[in-house]
Amino acid sequence: MSAASDPLFDGARLVITSGAGGVGKTTTAAALALESARSGRRTAVLTIDPARRLANALGLEAFHDHAQRVEGAGPLWAMMLDMRTTADAMVRRFSPDEAAARRILDNPYYGAFSTSLAGTQEYMAVEQVHALVRSGEYDLVVLDTPPAVHAIDFLTAPDRILGALDNRAVNWLYKPRDAGERGQPQGYGARLLGRGRQVVLKSLDRFTGGPFFEDLASFLQAFSALFEAFRQSSRAVQALLRADSTRFLVVTAPYPGTVREAIGFRAELVERGFPFAGFVCNRVHDARPAASLDALAAALGPHAPARLAEALATALADHNRMAARDADGLAALRQADARPVRVVPLMPEDVHDLEGLSRVGRALMQNFSSADTF
Ligand SMILES: Nc1ncnc2c1ncn2[C@@H]1O[C@H](COP(=O)(O)OP(=O)(O)O)[C@@H](O)[C@H]1O
Ligand SMILES: [Mg+2]
């Protein structure tokens, strides 16, 4: 089975690899993108936290605001998410003109906002991938997801960010000219307004020893102009994540706890209307044929020390115990969902180059026919 006819890619514009931290989301995303590109699709992959050597293999030495062509891998482009670059591009896109964008970008508050507000990384990732899809330059975009503690955080981030910006506590700062329904100023912000907002902010700043509140207020005020654009974009992103052409893969290791978490995550995706497209079970031990101590000793020949055969027999038994445990994990995944599970064996070493990605890619594409549906 090849990527040319894999149902995962059929009619797909966006494939998302999600799951708990360390299970192989970044590796899976890069391997899928490579397979897709090798089958002739113009493919872009947005990685979040690639290991240094993998980033190098994809030609990602630095952050860029556009995807970089990967050499020797078909029509493949890759990019690494950088919060600041993505946030800057968003501010520019949403601002009516360069002067308005500069008022935000040059504000000392902006740096903190763009890189450290909870959920911004997730928000930026979906914004960036939305831009890649919208550009129309790619047949398929593959999105790796951030190492969130709870995978679902990633999907609720746009709503949470909007919620934070909508917070009543900051309302009076960023909407200083808001009036009540009958045109009467109301509330604390309005009272401050009445006393002269700048005067109040200046006196508050005496406590903080610098232009803290003034900067915050002017940041939020400048930012509020972008608020509606943010909202609309967030709605468009939510629609993209739920589109028929979007596929969520849930990546998991075969261990019992991780499998339970993956099954729970699948249920949440389905419940919230995100198009789940199957499990990837990564780092699976293949069962090896059992061999008796005598058979091992015979294979080693008469000159090998006797203890060597014993050590090998123990290693083989350990390996097969792990393979049996992994088989239980796979069985649980298959019971939780009827779609075939994509099984990737544990490789002898880390996956950090195109050759390693090809091996993972082949495993991901194996045993699928176009009769399998999503
Ligand atoms: N099937 C595999 N066999 C061996 N090593 C793997 C396999 N899949 C992933 N790895 C390695 O495990 C580490 C974590 O994988 P990664 O894709 O970065 O996980 P995540 O993005 O989910 O945190 C990486 O060093 C990667 O090379
Ligand atoms: Mg990762």
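## A walk from the ligand shell to the helix packing

Let us start at the ligand: helix α1 gives 3 residues to the shell around ligand 1, the largest share. Two elements, α1 (25-38) and β7 (276-284), each contribute at least two residues to that shell. Keep in mind as you look that this is a predicted model. The shell has 18 residues, and those that come nearest to ligand 1 are Lys25, Thr26, Thr27, Met347 and Asp350. What is the chemical make-up of the residues in the shell around ligand 1? It splits into 8 nonpolar, 7 polar and 3 charged residues.

How far can you trust what you see? Over the chain, the average pLDDT is 81, and 74% of the residues score at least 70. Among the elements, β7 has the highest mean pLDDT, 97, whereas helix α9 (residues 187-195) has the lowest, 47. So strand β7, one of the contributors to the ligand shell, is also the element with the top mean score. Over residues 176-194 the pLDDT stays under 50, and the model gives this stretch 18 contacts beyond four places in sequence. Residues 369-374 also fall below 50, with 13 contacts in the model beyond near neighbours in sequence.

Back to α1, which packs against helix α16 (residues 354-365) at an angle of about 80°, the two axes being 8 Å apart. Angles of 65 to 115 degrees count as roughly perpendicular, and α1 and α16 are therefore roughly perpendicular to each other. On the α1 side, the contact is made by Thr27, Thr28, Ala30, Ala31, Leu32, Leu34 and Glu35; on the α16 side, by Leu354, Leu357, Ser358, Val360, Gly361, Leu364 and Met365. These residues divide into 9 nonpolar, 4 polar and 1 charged. Thr27 is worth a second look: this residue belongs to the contact with α16 and is also among those that come nearest to ligand 1.

Now turn to helix α15 (residues 306-336), which packs with helix α13 (residues 256-271) at about 10°, their axes 10 Å apart. With an angle under 35 degrees, α13 and α15 are therefore roughly parallel to each other. Their crossing is right-handed. From α13, the contact uses Pro256, Val259, Ala262, Ile263 and Arg266, and from α15 it uses Gly329, Ala332, Leu333 and Ala336. By type, the contact residues of α13 and α15 are 7 nonpolar, 1 polar and 1 charged.

Helix α15 has another partner to visit, helix α14 (residues 293-300). How are α14 and α15 placed relative to one another? Their angle is about 125°, and their axes lie 9 Å apart. The pair α14 and α15 is therefore oblique. Here too the crossing is right-handed. Leu293, Leu296, Ala297 and Leu300 of α14 meet Leu308, Ala309, Glu310, Leu312 and Ala313 of α15. In this contact of α14 with α15, 8 residues are nonpolar, none is polar and 1 is charged.

Terms used
Residues are numbered from 1 along each chain as its sequence is written. Chains are lettered from A and ligands numbered from 1 in the order in which they are written. This is a predicted model: local features need pLDDT of at least 70, side-chain atom pairs count only at pLDDT 80 or more; totals for chains, interfaces and linings use all residues. A residue is near a molecule or strand if its C-beta atom, placed from the backbone, lies within 6 Å of it. Helices (H or I, at least four residues) and strands (E, at least two) are DSSP runs, numbered from the N terminus. Ala, Val, Leu, Ile, Met, Phe, Trp, Tyr, Cys and Pro count as nonpolar, Asp, Glu, Lys and Arg as charged, and the others, Gly among them, as polar. Axes are lines fitted to C-alpha atoms, for helices over the stretch in contact, and angles run from 0 to 180 degrees between N-to-C directions. Angles under 35 degrees count as roughly parallel, over 145 as roughly antiparallel, 65 to 115 as roughly perpendicular and the rest as oblique. A crossing is left-handed if the near helix is turned anticlockwise from the far one by less than a right angle, and right-handed if clockwise. Two residues are in contact if their C-beta atoms, placed from the backbone, lie within 7 Å. pLDDT is the predictor's confidence in each residue, from 0 to 100.
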